[in-house]
Amino acid sequence: MPVVLWKNIVVFITISTSFVICFCDYVNHEDNLDIPAIAKYFTTKGRYEEVNPYLIKDILAVNTSILQLPSAQCQPFHLTAIIRHGTRYPTSKNAKKMQKLYELVMSRASGKESWLREIKSQWRMWYTEDMDGRLVQKGVEDHKHLAIRLSKLFPSLISEEKLRGGFIKFMTSSKHRCVNSTLSFKAGLTELWAITDKEFDHAVNDALMRFFDHCTKFVQEVDQNPTALSEVVKFRQGPEMRRVTEKIADRLRVPYNTINDDMAEAAFYLCAYEFAIKTVNSPWCQLFDEVDAQVMEYANDLKQFWKRGYGYDINSKASCILFHDVFSRLNKAADENKSDQQVTEAVTVQVGHAETLLPLLTLLGFFKNNGSITSTNYATQTQRSFRTSHMLPYAANLLLVLYDCGAGDLRLQALLNEKPVTFPGLSDQQASMPRYEDVKENYRELLQGCDFETECQLFKSPA
């Protein structure tokens, strides 16, 4: 597939209204009434700040002590960053669902609650189908701020000198929200260093950043297979979701049969989008309490588990092409470093989707539960590690950093959303920043196999 090079362009984004790791220390919502009490359950529609609450007070804050270097001698020499696009508008499909709910509430809901009066008298449906997932201003800021924070976290790698010298490479999915996120990341750096005399290319590469579209087996057996998500369908028709829809109907004083699982999802998304895009604690959020939000989160986690995660082997194997691309680059940087050569690609920034990151995280073995999450084990999964609210907010990022710790001792550190994660399958002593050779040994079977063309064939030839 051809790779397309683009120059920086000026992007104007208008909005039609004004504007395992420890996931500890969530925001105390009682202290900040602008934050919905259910914000930490917004799954892939959540803000990055809910994963890293310290950013609410200072969006450029970094804590270099999290890097936990084995010795002061360790120096980073390569960084690969795989990043989800920033905050976006709803897709056309979700905008339609939200419009349908809004019409129902306006025509049939009754009651004297202040939040309902606000919806009916002040709130107006402003989401339109033509927004179709485009990046919003908050999404521009997500990537600008991330770029600045990473330059503070890794100043020897993400530097003006490296950028001007061509040692920082950029790659993106062709989707407008990803291209504009890439432009925003670059703008974060060029504005930081007041660079006005030079532009920096980026490559559009869907073969890597949208591999899921090109994997025939995944497309036919999972993505377009109506039975592949049967566990999701069963849960959405089950008792937990029924309680949520009935409570929403009670709050709106409408018949139970007017609120189905799609309507509940639309209401949840209205709350989530209003907060992510405009930082507003919307009256739509009053349709849910924390128990309801946990059910809604689980329904989406189920979908991600079975469509992009551990549910089917092909979900992760579809990312083999990206996996090999990453390790090929790491190997090249390691070889150049060992030979005392200039590392030609000090930093690689690759911008894609939640659907890019989750299969790769799954292939690497992160956030694997004991057993599957299903339609019937909700009650036992409250402490599950597979939780997309923590893993995949807007601008979610996986960082892989190579260090030279002297005497040929190369180490690899993984960070998810700017927090260290331990490589599955390695001992506790090694896992936070293991020897690079140990990481490669850990993934030896994947490195020797995991061939995209072979894995993605609908019918594999017998060995």
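Let me start with Cys405, which has 7% relative accessibility and therefore counts as buried. I should say at once that what we are looking at is a predicted model, and that my topic today is its cysteines.

Cys405 forms a disulfide with Cys74, the two sulfur atoms being 2.0 Å apart, and this link is right-handed, with 115° about the S-S bond. The two partners lie in distant parts of the chain, 331 residues apart, with Cys74 in the loop between helix H1 and strand E2 and Cys405 in the loop between strands E6 and E7. Cys74, at 2% relative accessibility, counts as buried.

In total, the count comes to four disulfides, and I will describe two others. Cys215 is joined to Cys456, with an S to S distance of 2.1 Å. That pair also links distant parts of the chain, 241 residues apart, from the loop between helices H7 and H8, where Cys215 sits, to helix H20, which holds Cys456. The torsion about this S-S bond is about -100°, so the disulfide of Cys215 and Cys456 is left-handed, and both of these cysteines are buried.

Next come Cys320 and Cys450, whose sulfur atoms are 1.8 Å apart in their disulfide, and whose link is left-handed, with -90° about the S-S bond. Here Cys320 belongs to helix H14, while Cys450 lies in the loop between helices H19 and H20, 130 residues apart, and both are buried.

Which cysteine is in no disulfide? That is Cys178, for which the nearest cysteine sulfur, belonging to Cys215, is 19 Å away; with 0% relative accessibility, Cys178 counts as buried.

Methods: Residues numbered from 1 in each chain as written. Predicted model: local features only at pLDDT ≥ 70, side-chain atom pairs only at ≥ 80, totals over all residues. Heavy atoms only, no water. Disulfide = S-S within 2.5 Å. Helix = DSSP H or I, 4+ residues; strand = E, 2+ residues; numbered from the N terminus. Buried < 20%, exposed > 50% of the residue type's maximum accessible area, 1.4 Å probe, protein only.
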